[in-house]
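Let's take a walk through a protein model together, one region at a time. Keep the 3D view open and turn it as you read.

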Amino acid sequence: MRFMGIVLSLSLGLQVAHAEAVKQTKGDFEDKFRQLEEHLPTPNVYRTGSGAPGHAYWQQEVDYKVKVALNEKERTITGSEHVVYQNNSPDTLSYLWLQLDQNRFSKHSDAYTTMEMGREASKKLSYSTMRFLARTEFEDWGFQLTKVKSGGKDVRYTINDTMMRIDLDKPLKPGEKFEFDIDWWFNIPEGKAMGARGGYEPYKRDGNDIFFIAQWFPRLAAYTDLAGWEHKQFLGTGEFTLEFGDYDVEITVPADHIVGSTGVLQNPKDVLTADQRKRLEEAKTAERPVFIVTHEEALENEKEGTDQTKTWHFKAENVRDFAFASSRKFVWDALGVKMPDSGRTVMAMSLYPDEAMPLWDKYSTHSIAHTLDTYSRYSFEYPYPVAWSVNGPIGGGMEYPMITSNGPRPVIEKKDNGEEVRTYTKRAKYGLISVIIHEIGHIYFPMVVNSDERNWAWMDEGLNSFLQSQAEREWEVEYPSRYGRAKEAIPYMVSPDQTPIMTQSDSIIGYGPNAYTKPAVALNILRETVMGRELFDFAFKEYAQRWKFKRPYPADFFRTMEDASGKDLDWFFRGWFYTTDHVDIAVTGLTHAQINTGDPEVENQFKREEDLEAQRYIAEMRNKADGMPRRVDRFPELLDFYNENDDFIVTKAQKDAYAGMLKGLEDWQKELLKFGHELYFIDFENIGGLVMPLVLDVEFEDGSHEEVRVAAEIWRSDAKHATKVLVRDKKIKSVTLDPYNEIADAEKANNVWPPKPHVSRVELYKRRAEQRNLMKEYLETQEAEEAKGDEAEDSEPQ
Ligand SMILES: [Zn+2]
């Protein structure tokens with residue numbers, strides 16, 4: 001999903017998962033480089049210490065055969081499924097858990113009953129929130145199960161909110177299968193009104209709906225080596241984690257609908273016209289998107305409805321879920337995208353209504369193709385035959401295997417003369433490209449790299465937002481990206497209310513910045529600053545390859561990134577993922593030094609100058625300037641040896657000591673006393689808490705610059721203060737930390753030595769008296785009422 005601002009916030013109390021700092025019994029030293037091992041699960045035969053799947057890795061398989069009808073008039077879904085559950089685990093199971101996600105819309109759901117309104121709600125409530133409350137309270141939502149059987153016999157089951165447990169008569173042993181059938185129906189929610197991840201969107205103009213049907217059938221919950229049954233309730237934020245399997249789905253819809261779906265269409269001759277099939281064939285090898293249903297055809301199609309139905313038959317292999325879209329409003333365009341390694345052609349396809357033009361026809365399918373190009377390079381080749389972008393019934397975006405729903409649209413305005421003007425905002429343009437990259441990107445993470453979204457939002461949102469930022473940079477120069485630039489994480493990282501990235505999805509404070517922005521920034525910093533592109537890209541790709549079609553947990557990512565790069569990154573993951581520290585490193589001093597030669601002829605003069613500087617004082621200066629007469633001027637006999645000589649005259653004792661010292665030195669040591677280069681000591685203070693590499697722009701007096709990069713390990717012995725020495729032949733004029741805005745340093749003002757003045761523009765404003773003039777309002781009201789009275793008299797029936 002793409003974060004679009006949370007309308008309904010769920011408060012579950014603060015559950016701050018602080019990594020426990022090691023308690024020192026002496027002093028307050030904090031070891032920022034302490035290894036993470038004590039926080040990570042112990043490696044075993046399923047998951048290794050290298051971050052790779054172990055030799056005994058297993059996962060369950062669940063295959064579905066589903067028949068579903070979309071009842072357009074009633075806006076309901078009626079379905080029946082046959083499920084084959086394959087127990088590949090080494091464990092014997094006495095029950096199975098299923099997810100009933102539609103139940104979260106019920107007024108009895110944990111999601112609804114624990115909805116926290118916020119302190120201002122009793123004074124101010126948005127129309128959309130009030131509509132949500134009214135619909136939840138007074139309409140029927142959730143799955144209605146009409147049959148649960150296995151081999152024709154009833155099955156015992158228990159529903160616990162959004163979860164359902166099927167109790168097995170006979171325990172399911174390792175390697176065995178259990179088959180069962182469920183029939184159900186439910187009312188389809190209006191996507192935007194219910195804050196759903198799918199549903200319908202009604203169109204006033206033609207009375208048609210667009211349907212995007214998701215999380216629509218009872219789905220097997222994941223059973224894993226690390227967590228057992230993943231049966232946390234669906235509270236709306238933490239998405240889901242499911243098992244891979246094969247799907248055979250027959251979708252019955254009104255005969256004039258166009259359907260896009262997970263999987264490959266099995267019966268094109270039954271549901272597509274000869275023209276449409278021909279155009280699809282052309283699109284496979286076309287350079288640019290080809291219309292399968294043109295704009296004109298879609299406009300014609302939406303004019304009339306029908307009572308006839310058609311059944312679209314899809315099959316999908318090795319997917320973790322299944323979704324589909326259906327409407328008679330759809331324009332359909334398609335483009336074949338050649339995969340880099342296998343040479344396979346993937347069909348990038350878009351479905352959208354007339355109301356989405358001109359924006360979707362220009363950008364949607366191109367955005368899909370661009371995502372397939374870029375993501376495949378950073379991770380693995382897109383493994384499925386199709387990738388859909390549907391202009392669906394929700395505002396933001398949402399992903400399912402092979403199919404995504406995306407929101408942004410153009411602005412349609414009617415002029416006074418009835419002429420229609422269509423424009424789109426910059427935000428809608430880039431919002432659309434970005435959301436499609438994001439949602440298609442989710443088909444890689446977490447639809448193929450099957451991480452546990454219900455617990456770890458960052459593993460799909462963060463990794464995906466990172467790759468999104470890479471794909472955006474490959475779209476055009478200076479793409480207005482929302483994720484990935486280091487500075488984008490700063491407002492959240494300095495805010496008082498936040499949780500570490502390593503927080504269960506539903507307990508996160510600030511879901512967007514926590515699960516999307518901060519991890520995306522963290523990965524960009526790893527790539528650009530900490531690891532370098534080559535090491536990072538290799539390790540990231542290794543993680544993707546190791547875990548595609550498998551289920552990784554956070555430790556598998558952390559371990560793989562180290563294992564494949566040869567970099568100790570524990571300090572980085574500890575700081576960025578387990579704490580709420582931020583980056584604020586200050587340059588607190590710059591000392592220019594030369595070697596003390598020990599030679600009194602040289603050093604005494606240096607001390608003399610130092611002393612003169614220290615003795616300077618205002619009273620003495622003024623007395624001198626005034627030519628104050630002094631006693632010794634009048635009585636010169638009072639002057640003696642001490643008036644002739646300062647404390648820094650060179651004595652024989654000093655010379656002897658110097659000669660003695662030289663005698664005690666070896667030649668190489670004597671050589672160093674003559675070391676002619678400049679020494680610079682730069683002092684740093686760590687204010688924000690996160691230890692980070694030091695990236696410095698060093699400016700010399702001759703106008704030249706040098707980029708200096710110091711690894712974070714400089715903070716090993718003292719996480720609060722560090723001094724870096726530079727030995728150079730040239731004199732340094734200034735030092736600037738983080739000159740390219742790459743380490744998310746929150747306070748720029750303390751990054752420069754010597755400090756520089758702030759530059760600002762002072763805006764002048766007029767003072768305005770804003771007092772309500774009740775007397776004037778009253779007179780205006782009277783006038784208006786009198787005028788109305790006159791009108792009423794005028795309009796008396798003749
Ligand atoms: Zn997302």
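**Strands in the interior**

Start with strand β15, residues 258–261, which is covered on both faces: I258 and G260 are buried on one side, and V259 and S261 are buried on the other. Before going on, keep in mind that this is a predicted model. The back-and-forth pattern you see here has a general background: in a regular strand, side chains alternate between the two faces of the sheet.

Which strand pairs with β15 through four bridges? That partner is β19, residues 324–327, and the two run antiparallel. If you want one spot to zoom in on, find V259, whose bridge partner in β19 is S326. Now look at β19 itself. F324 and S326 point one way, A325 and S327 point the other way, and all of them are buried.

β19 also pairs with strand β10, residues 209–213, again in the antiparallel sense, this time over three bridges. Here F211 has S326 as its bridge partner in β19. So S326 is worth clicking on: it is the bridge partner of V259 and also of F211.

**An open sheet further along**

Next, move along the chain to another sheet. Four strands form an open sheet in the order β30-β29-β32-β33, with antiparallel pairing. Why do β30 (705–710) and β33 (752–753) each have one side without a neighbour in the sheet? Because they stand at the edges, each has a single partner strand. For β33, look at its pairing with β32, residues 732–737: two bridges join these antiparallel strands. Within that pairing, V735 stands opposite W753 in β33.

**Two helices and a loop**

Time for some helices. Helix α6 covers residues 360–378, and at 1.5 Å a residue its 19 residues should span 27 Å. Its end C-alpha atoms are 26 Å apart in the model, which agrees. Is α6 enclosed or not? Of its 19 residues, 14 are buried, so α6 is largely enclosed by the rest of the structure.

You can run the same kind of check on helix α2, residues 127–138. Its 12 residues should span 16 Å at 1.5 Å a residue, and its end C-alpha atoms are 16 Å apart, which agrees. The buried residues in α2 are T129, F132, L133, R135 and T136. What covers them includes α1 (110–113) and β9 (199–202).

Now hop to K548, which sits in the loop between α11 (533–547) and α12 (554–565). How exposed is K548? With a relative accessible area of 30%, K548 is partly exposed, because that label applies between the cut-offs of 20% and 50%. Leaving aside neighbours within four places in sequence, K548 is in contact with F380, V448 and V449. Compare the distance along the chain with the distance in space: K548 and S451 are 97 residues apart in sequence, yet their C-alpha atoms are 9.7 Å apart.

**The empty spaces**

Finally, let's look at where there are no atoms. Rolling a probe the size of a water molecule over the atoms shows where empty space is left. How many cavities of 30 Å³ or more does a search of the whole structure find? It finds two.

The largest cavity holds about 130 Å³ of space. It is lined by 16 residues, and the closest to its centre are Q102, F105, R197, G198 and A214. By class, this lining divides into nine nonpolar, four polar and three charged residues.

The second largest cavity holds about 60 Å³. Its lining is made up of P41, T42, P43, N44, R47, L226, Y553, A555, D556 and R559. Sorted by class, those are five nonpolar, two polar and three charged residues.

There are pockets to look at too. The second largest pocket contains about 510 Å³ of space. Its lining has 22 residues, with R473, G484, R485, A486 and E528 the closest to its centre. Both α8 (457–473) and α10 (511–530) supply at least two residues of this lining, and α10 gives the most, with six. The lining of this pocket divides into six nonpolar, six polar and 10 charged residues.

Technical notes: Residues numbered from 1 in each chain as written. Predicted model: local features only at pLDDT ≥ 70, side-chain atom pairs only at ≥ 80, totals over all residues. Heavy atoms only, no water. Expected span 1.5 Å × (residues − 1). Buried < 20%, exposed > 50% of the residue type's maximum accessible area, 1.4 Å probe, protein only. Contact = heavy atoms within 4.5 Å. 1 Å grid on protein atoms, 1.4 Å probe; cavity = no way out; pocket = protein on both sides within 12 Å on 5 of 7 lines; lining within 4 Å. Points joined across faces, edges and corners; volume = space filled by probe spheres on them. Nonpolar A, V, L, I, M, F, W, Y, C, P; charged D, E, K, R; others polar. Pairing = 2+ DSSP bridges.
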